[in-house]
Amino acid sequence: MGSVSEELSLVPLHQRPELMEACAQLLGEEWGKSRASRLHSLQRSSDAFPTCLLLLQSSGPAQLPASEKSPCQLLGHIRLSRVAGHPCSLFVESVVVPKALRGQGYGRKLMEAAERYARARGFRRLHLTTHDKQHFYAHLGYTLAEPVQVMPFMSPGISAEVLRVFSAHPRPAVSTPGTLVPGTNKRSLPSPDVPPPPPLPPQGCSRAAPATTCGQSILETPHRDAKGVPIFWMKKDV
Ligand SMILES: CC(C)(COP(=O)(O)OP(=O)(O)OC[C@H]1O[C@@H](n2cnc3c(N)ncnc32)[C@H](O)[C@@H]1OP(=O)(O)O)[C@@H](O)C(=O)NCCC(=O)NCCS
């Protein structure tokens with residue numbers, strides 16, 4: 001990993017609130033949006049998802065100026081959310097490494113650490129979308145996949161009935177092994193208060209079936225985001 005003094009860790013942002021500003025800045029430099037909007041989203045991080053995770057290094061990489069070093073250097077950010085109708089899946093978003101540190105292996109470290117984080121909590125599959133980083137993710141083992149429905153946040157104010165509707169799989173004809181609750185034929189329904197991780201051990205969460213890519217290739221996708229921009233859906237069993 002280059003000239004780096006080691007000691008990397010993946011830490012939930014809500015355990016390090018003093019890094020909130022640095023994190024908002026990192027995301028803002030990549031994707032714009034207002035600082036207030038970023039902070040609002042970051043402040044929702046919790047163990048119950050969405051969870052914002054930070055790749056941290058206890059002392060900064062050698063190539064950063066001394067003025068930018070702090071006892072804990074922020075090397076990356078990733079957000080994990082629950083997936084409606086897929087109790088063993090998490091959705092990956094906002095993967096970013098500071099511009100000055102790209103190409104040194106931190107992106108891989110971040111993704112691999114997030115995969116371990118998910119697996120340790122009983123999740124077995126990660127989903128994501130990307131406009132242009134499909135080759136990066138493919139290099140890390142992600143394959144083309146069908147869309148899933150993300151649960152961006154869970155509010156205690158949302159009724160169980162609304163959640164039940166929201167949790168229905170958008171395309172029931174395309175089922176995946178992670179769709180069913182272990183030992184039942186029912187789709188999962190997270191608690192309206194705090195969505196708990198799936199129970200351990202997750203014996204019902206089997207490994208991947210081949211991706212149903214429906215005309216999608218690593219160079220061309222039939223899917224579009226809300227603005228009509230082509231978007232690739234990918235997944236990986238972890
Ligand atoms: C995407 C991003 C997180 C990658 O981080 P990074 O630290 O530069 O990536 P790494 O150096 O860890 O690369 C890991 C591996 O992926 C490969 N790789 C990196 N970018 C790649 C790309 N665009 N296409 C194919 N392979 C790529 C590297 O060669 C490396 O291979 P190796 O581990 O076998 O040597 C980083 O470029 C970034 O923050 N980009 C801006 C934000 C963004 O677009 N995020 C993705 C949103 S979907």
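A residue is counted as near a molecule if one of its heavy atoms lies within 4 Å of that molecule. The model described here is predicted, so that local features need pLDDT of at least 70 and side-chain atom pairs count only at pLDDT 80 or more, while totals for chains, interfaces and linings use all residues. Residues are numbered from 1 along each chain as its sequence is written, and side-chain values use heavy atoms, with hydrogens and water left out.

**The ligand and its shell**

Around the ligand stand 19 residues, of which Val 95, Gly 103, Gly 107, Arg 108 and His 139 come nearest. Sorted by class, this shell holds seven nonpolar, eight polar and four charged residues. Here Ala, Val, Leu, Ile, Met, Phe, Trp, Tyr, Cys and Pro count as nonpolar, Asp, Glu, Lys and Arg as charged, and the others, Gly among them, as polar.

Backbone atoms of Gln 104, Gly 105 and Tyr 106 each lie at a short listed distance from a ligand oxygen atom. A polar contact is a pair of N or O atoms within 3.5 Å.

| Residue (polar backbone atom) | Distance to a ligand oxygen atom |
|---|---|
| Gln 104 | 3.2 Å |
| Gly 105 | 2.8 Å |
| Tyr 106 | 3.5 Å |

On its own the ligand has 930 Å² of accessible area, and the protein covers 71% of that area; such areas come from the Shrake-Rupley method with a 1.4 Å probe.

Elements giving two or more residues to the shell are α1 (20-31), β4 (86-96), α3 (106-120), β5 (125-130) and α4 (134-139). The greatest share comes from α4, with four residues. Helices (H or I, at least four residues) and strands (E, at least two) are DSSP runs, numbered from the N terminus.

**The largest pocket**

The ligand sits in the largest pocket, meaning that more than half of its atoms lie within 2 Å of the pocket's grid points. A pocket is an open set of points, on a 1 Å grid over the protein atoms alone, where a 1.4 Å probe fits, with protein on both sides within 12 Å along at least five of seven lines; lining residues have an atom within 4 Å of a point.

The space in this pocket is about 1,400 Å³. Its lining has 41 residues, and Trp 31, Glu 93, Ser 94, Val 95 and Thr 129 are the closest to its centre. The lining divides into 19 nonpolar, ten polar and twelve charged residues, and β4 gives the most to it, with six.

**Backbone features**

The peptide bond from Phe 49 to Pro 50 is cis, and Pro 50 belongs to the loop between α2 and β2 (51-57).

How values were computed
A polar contact is a pair of N or O atoms within 3.5 Å; within protein, one must be able to donate a hydrogen and the other to accept it, and residues adjacent in sequence count only if both atoms are side-chain atoms. Grid points are joined across faces, edges and corners, and a volume is the space filled by probe spheres set on the points.
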